[in-house]
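Trainee: I have a structure open and would like to learn how to read it. Could you walk me through a few features?

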Amino acid sequence: MTAVEPAPGAEKWVGQALRRKEDPRMITGRGRYVDDQVVPGMLYMAVVRSPEAHAKITSIDTSAAAGLPGVHGVFTAADLDLASPLPMAWVPPGVEIKTPEHWPLAKDEVKYVGQGVAVVVGEDKYAVVDAAEQVIVDYDPLPVVVDPEKALEDGANLVHPEFGTNQVHEWTIGGGDMDAAWAESEVIVERRIVNHRTAGAPIEPRVCIADYRGDQLTLHLTSQNPHLIRLFMAGELEMSEDRIRVIAPDVGGGFGVKISHFPEELLAAWISRKVGRAVKWTETRTEHMSSTIHGRDQIDYVKVGAKRDGTIVGLDCTAICDFGAYFTLLTPFIPSFTGFVISGCYKIPNLNFTARGVFTNKMATDATRGAGRPEATHLIEMMIEQLAHELGMDSLEVRRKNFIPKEDFPAEVAIGIVYDSGDYHGSLDKLLTHVDLDAFRREQEELRAKGVYRGIGFSTWMEICGLAPSRAVGPAGVGLQAGFYESSTVRVHASGSATVYSGTAPHGQGLDTAFAQIVADQLGITPDMVDVMHGDTGTGPFGLGTYGSRSLAVGGESIARSTGKLVDKAKQIAAHNLEAAPEDIELVDGKFSVKGSPDKGLTLAEVAGAAYVTMDMPDGMEPGLEASTFYDPENFVFPFGAHACITEVDVETGKVDIVRYVAVDDCGPAINPKLIDGQIHGGITHGVGQALYERIHYDDDGQLVTGTFVDYALPSAADVPSYETDRTETPSPVNSLGVKGVGEAGTIAATPAIVNSVIDALRPLGVDFLNMPLSPQHVWSQIELAQGRGAPGDPGKQGGSWGEHGSGSAGSGPTSPSEGGAL
Amino acid sequence: MIPAEFDYVRPGSVDEALAALREGGEDAKLLAGGHSLLPLMKLRLAAPTLLVDLGGVPGLSGIERANGGWRIGAMTRHVAMERETALGLASKVAGTIADPQVRHRGTIGGSLAHGDPASDQLAILLAYEGSVVVRGGSGEREIAAAELFQDYLTTAVGDDEVLTEVRLPALDGYGFGYHKFNRRQEDWAMVAVGALVKKAADGTCEDVRIGLTHMSSVPLRATAVEQALRGQPLDANSIAAAAEQAAEGTEPPADLNASADYKRHLARVLTKRALADAAA
């Protein structure tokens with residue numbers, strides 16, 4: 001979609017593909033990121049990290065490091081006097097979660113490679129890295145647990161012996177009667193679906209500058225969550241919250257990994273207070289791979305039952321969730337999101353989802369783009385196509401047969417969640433206007449005859465976002481220890497331009513532009529007259545962070561409501577001046593005028609002038625033109641769409657090429673189609689990354705072997721195709737804008753379309769199921785196995801014994817957690 | 001990513017560079033394009049105490065045709081070779097190296113002297129039966145490609161020598177093909193195969209040279225394939241039959257993305273494809 005700057009005075013700004021307001025600054029190198037910033041007199045910090053996956057610390061000798069020139073201090077856990085450990089914010093009613101205390105430096109044992117053991121601060125960033133190498137730590141290795149399924153076996157080595165088990169929790173959501181479902185089913189398909197561990201990998205790693213002076217702490221931080229970080233640090237450092245200011249300036253990508261509260265910013269703040277100098281820490285890429293949270297890492301045992309006509313009767317999933325050794329902010333909560341959307345786009349009367357969390361000697365997992373919903377879409381959409389094959393039906397027919405029909409919305413699914421709006425048939429129909437399936441099937445046959453293997457795969461996806469109604473997810477609901485509203489202040493200045501103060505802050509999404517378009521329409525001005533401020537707890541309103549595709553649906557609605565209050569006040573001022581009733585005032589062509597008399601009216605600048613000079617105002621009205629709103633949504637929002645992927649597999653080498661990728665998405669009425677396209681393109685690329693390239697890999701000793709971008713195969717623009725995108729627009733009834741989130745949509749949708757497509761390509765060769773990532777060697781080895789040629793070992797797959805094939809109703813089932821005896 | 005402390009000099013001539021190397025001792029290292037050395041230093045896998053930057057030495061870059069061959073200055077960037085399409089196979093290979101940024105900084109001499117068996121041009125130099133010229137304290141010597149690569153990251157270029165020039169025979173009339181397999185465009189080769197084929201008047205194979213990348217700790221020639229194909233027809237069957245021997249005598253290092261067996265398989269497939277291109 002080509003962006004066109006609309007002529008000034010265009011009827012509405014909302015819906016226009018405006019170029020991003022923030023881009024001229026960003027692309028000319030004038031962005032202001034944390035690492036760009038220099039605080040006079042600041043010191044640098046380096047972290048000494050564990051090379052061991054599990055070991056007792058027998059001694060730490062800091063003397064050599066401390067004596068080096070330029071070094072101001074070396075600190076270990078023994079030096080810290082923090083009031084509380086790092087937070088984990090989920091306390092689900094009635095569910096026990098074994099929660100280890102998570103301190104910023106290891107106390108007696110290290111439990112994963114990359115865990116902080118000591119920190120060095122000094123004059124420059126070179127000196128501290130050199131000194132960190134001189135900190136001598138003696139380790140006494142302990143047994144390591146890497147495979148989450150083996151971790152649950154009797155007699156497994158324990159990550160936290162005090163718990164007596166590696167199982168963190170068991171959390172279930174469901175509805176209906178599974179036993180009845182299986183009895184009623186004529187076909188049952190079971191698969192073991194591995195959703196492997198990945199990294200968020202923003203281009204900007206984590207960075208902080210903590211500056212404690214005069215009893216005030218200012219923390220510059222690469223954060224998606226500055227307001228909550230302030231709250232947490234107030235507790236840990238025993239400081240009054242008002243004395244802490246957290247500033248997240250331009251943030252160079254987050255993808256979820258900057259939601260959490262990490263050890264390094266707490267250490268920098270504690271040390272800054274201790275030594276009386278500002279302290280800066282900049283994460284290296286290798287540290288990012290080892291010591292910033294990872295995403296996904298579920299093994300999903302899935303069972304789906306259906307009638308012969310394709311009607312799905314029940315779906316059950318038990319997810320073995322590898323949480324690593326410690327929790328960050330939301331670690332054990334993330335798989336719950338898989339449960340919230342376990343019904344997908346389908347009317348399934350009997351559902352069960354159980355998450356079993358597992359400790360292993362790895363870095364924590366937590367939210368990365370999609371957080372639990374990509375896992376759900378993957379398992380559901382894989383199972384739909386596996387089931388269709390088992391039934392001998394077209395997979396799109398199975399989908400259509402089970403879609404929740406448009407007229408059912410708002411639709412309550414069996415687990416009790418109410419989807420706000422949707423048109424799943426319409427989305428798929430629109431996709432098929434771009435993809436001629438019959439023509440593809442003919443072409444597919446012709447190409448196969450020439451030894452060329454192409455396939456098509458689909459993903460008709462939905463998700464839950466716009467976090468969130470506080471009553472649903474807060475302490476009395478699902479059990480997160482926070483509310484999930486957003487707040488905003490909108491101020492119209494005396495000269496008639498406006499500043500939006502937003503609690504939620506972007507880290508690349510283009511919110512400055514989208515928010516300005518909304519406000520400009522409401523006030524009858526242009527988006528370039530609307531400045532958007534965010535990310536500073538010292539100057540902005542409270543916000544609960546930027547994640548869960550919530551900024552527009554919750555933050556944007558809050559801003560629209562604040563602006564609406566200003567419009568009401570402006571109408572009263574205009575009515576007073578025009579000697580009319582406020583209800584007779586309307587905003588036409590940038591003027592507040594009496595209905596039917598558009599020529600005579602007041603511009604926003606004239607209204608604001610009256611409000612600030614305090615003349616020509618209704619009696620008793622407060623001066624100024626400013627309003628604030630705390631907006632707590634009544635429900636989540638539920639975006640959806642239909643994606644198709646066509647791949648070609650080089651069957652001699654196993655290499656997969658994406659030939660076409662077509663995406664039809666629905667996030668309600670578009671505020672800015674260009675921003676939506678940007679999110680969809682990036683989101684799909686994240687999905688392509690997981691499906692074909694990326695994987696965080698720990699070896700059997702718990703050593704991280706993907707510690708750089710050489711080994712961790714993050715795709716670049718050269719490795720992905722250009723995507724074809726289209727939209728449908730089904731408004732949400734939840735907010736006045738009708739909008740739903742879009743930041744995670746592409747990622748949530750993409751992986752099953754790609755994997756289904758490769759399976760479709762390879763069915764003639766006997767390949768009927770595949771787990772990700774579809775590395776060339778993995779695909780080749782699966783072809784070899786299917787052809788009875790017994791492929792050599794596949795070092796790219798963790799614990800080579802991970803079974804690839806589940807069963808159809810006639811086959812032997814996978815070792816399911818319920819019958820394996822291991823759990 | 002912060003390297004250990006090092007000193008840096010930028011000599012103005014090869015002689016000055018040699019003097020700096022001698023003074024720097026065994027932990028001195030030459031810096032050419034830096035796209036192999038600097039990442040190793042940032043990861044602290046290499047920690048030279050002195051970098052001798054060849055960037056200020058005049059006369060070390062350029063490509064010229066002379067006496068039936070090519071003379072390529074050691075500091076010639078990959079992108080310059082990519083643009084000199086008359087180089088044939090070596091030019092095609094240069095255009096596949098990593099990404100545009102690397103091709104604009106990385107040099108042919110640096111790549112060859114570094115001796116990474118996953119780098120593209122090493123096996124190509126072998127296939128060309130080219131050579132390099134090095135200068136040391138006692139003068140200049142020429143090292144044939146077959147003698148150059150001794151082990152993983154180890155070449156016959158001495159610590160006190162500077163590689164100044166690369167020499168390739170022109171191989172006019174040879175067809176060529178290059179097939180590199182990697183997961184991402186910018187990755188080092190998992191396996192790569194370069195083939196040079198000269199057809200006789202009757203269409204049979206008069207000469208063939210095949211270089212294998214990343215199939216051992218050093219680049220290799222696929223000599224079994226070459227022997228099998230020489231004098232034979234260049235049709236698909238005969239190429240396929242010969243290519244089956246591509247993994248003979250290789251010891252491919254396994255890694256996260258490829259087992260040794262998979263690499264042997266890839267070598268056979270890619271040899272077939274490279275030969276087909278070269279014979280076309």
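Mentor: Sure. Keep in mind that this is a predicted model: local features need pLDDT of at least 70, side-chain atom pairs count only at pLDDT 80 or more, and totals for chains, interfaces and linings use all residues. Residues are numbered from 1 along each chain as its sequence is written, while chains are lettered from A and ligands numbered from 1 in the order in which they are written.

Trainee: In which sense do strand β6 and strand β10 of chain B pair, and over how many bridges?

Mentor: Strands of a sheet pair through backbone hydrogen bonds, either parallel or antiparallel. Strands here are DSSP runs of E, at least two residues, and helices are runs of H or I, at least four residues, numbered from the N terminus. Two strands pair if DSSP finds at least two bridges between them. Strand β6 (residues 131–136) and strand β10 (residues 162–169) of chain B pair in the antiparallel sense over 5 bridges. For example, S131(B) has R167(B) as its bridge partner in β10(B).

Trainee: What is the order of strands in the open sheet of chain B?

Mentor: The order of the 5 strands is β4-β5-β10-β6-β7, with antiparallel pairing. At the edges sit β4 (63–66) and β7 (139–144) of chain B, each pairing on one side only.

Trainee: Which helices of chain A should I look at, and how do I read their crossing angle?

Mentor: Axes are lines fitted to C-alpha atoms, for helices over the stretch in contact, and angles run from 0 to 180 degrees between N-to-C directions. Look at helix α15 (residues 511–523) and helix α16 (residues 551–578) of chain A: their axes come within 10 Å and cross at roughly 30 degrees. Therefore α15(A) and α16(A) are roughly parallel (an angle under 35 degrees). Among the contact residues are V519(A) of α15(A) and I559(A) and T563(A) of α16(A); contact means C-beta atoms, placed from the backbone, within 7 Å.

Trainee: Which residues touch the most other members of the largest nonpolar core?

Mentor: Nonpolar side chains tend to be buried together in soluble globular proteins. A nonpolar core is a set of buried Ala, Val, Leu, Ile, Met, Phe, Trp, Tyr and Cys residues joined through C-beta atoms within 7 Å. Of the 328 residues in the largest one, M45(A), V119(A), V120(A), V519(A) and V758(A) touch the most other members. Helix α19 (residues 745–762) of chain A gives the most to this core, with 11 residues.

Trainee: Is P253(B) buried or exposed?

Mentor: In between! Buried takes 20 or more other C-beta atoms within 10 Å, exposed 12 or fewer, and partly exposed lies in between, with C-beta atoms placed from the backbone. P253(B) counts as partly exposed because 14 C-beta neighbours lie inside 10 Å.

How values were computed. Parallel < 35°, antiparallel > 145°, perpendicular 65-115°, else oblique. Contact = placed C-beta atoms within 7 Å.
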